[in-house]
Amino acid sequence: MYQVGDTVVYGIHGVCRVVDQEERLVDRKRLTYLALEPVGQDGSKFLVPTQNAAAMAKLRRMLSREELETMLESEEVRADGWIKDENQRKQAYRELINSGDRTKLMCMVRTLYRHKAAQAAAGRKCHICDENFLRDAEKLLTSEISIVLNMESDQVRKYIRERLKEDA
C-alpha cells in the first residue's frame, strides 16, 4: 500500500505525491481514499478509492534509475512495433497511452522516432495522429524520468532520443 509522502505515477496524469489518506462516508459506508497531488501542478488533487481495484491498478511506483536503464536496453523496447494499418495503429496507441505500460510506451516512442526519420528521409511528414501519440507518450514518460534522473523535461527528451537512437 502507498503511504503519505510517496511519489507515484497515476495513470495518464503522470507523477503525483500521496499527500493524505482520507476517509469519507459514501452511501453510509466509510471508504478510504488516497489524496494525490500532481507534481508541479498546485491546486489539483485526485482522490483514489483504495477499495476500487481498477482505480488502484492505475497507481504505479516510480522507476529506479537501474530499472530505467534496464528498460531502455531491453529487447522489448527495441522491437519493431510499427502497425501499417492506420486505424489499427490509432487503436493500439490509444490503448497503450491509457495502459501506462512504460516499456510498451518506450517501444512506441522508439517506433515513432524511426518512422518519423524514415518519413523525413523520403521527403514526407508523419500523420498528425502519430505526432500527437508521440507527444502524449513522451509527456507521460518524461514526467517520471525527469524525477528519476533529476533532469528538466527538455533534457529528458534529448536523453531518450539519444538512448533510443543507437539503431533507430
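**Helix crossing and largest pocket**

Me: How do the axes of H5 and H6 lie in this predicted model?

Reply: The axes of helix H5 (residues 102-121) and helix H6 (residues 128-149) come within 9 Å and cross at roughly 135°. Axes are lines fitted to C-alpha atoms over the stretch in contact, with angles from 0 to 180 degrees between N-to-C directions. The model is predicted: local features need pLDDT of at least 70, side-chain atom pairs count only at pLDDT 80 or more, and totals for chains, interfaces and linings use all residues. Residues are numbered from 1 along each chain as its sequence is written, and side-chain values use heavy atoms, without hydrogens and water.

Me: Why are H5 and H6 called oblique to each other?

Reply: Angles under 35 degrees count as roughly parallel, over 145 as roughly antiparallel, 65 to 115 as roughly perpendicular and the rest as oblique. The crossing is at roughly 135°, and H5 and H6 are therefore oblique to each other.

Me: Which residues of H5 and H6 make the contact?

Reply: Among them are Leu105, Met106 and Val109 of H5 and Phe133, Leu134 and Ala137 of H6, where contact means heavy atoms within 4.5 Å. By class, the contact has twelve nonpolar, one polar and six charged residues.

Me: What volume does the largest pocket have, and which element gives the largest share of its lining?

Reply: The volume is about 310 Å³, the space filled by probe spheres set on the grid points. H6 gives the largest share of the lining, five residues.

Technical notes:
Helix = DSSP H or I, 4+ residues; strand = E, 2+ residues; numbered from the N terminus. Nonpolar A, V, L, I, M, F, W, Y, C, P; charged D, E, K, R; others polar. 1 Å grid on protein atoms, 1.4 Å probe; cavity = no way out; pocket = protein on both sides within 12 Å on 5 of 7 lines; lining within 4 Å.
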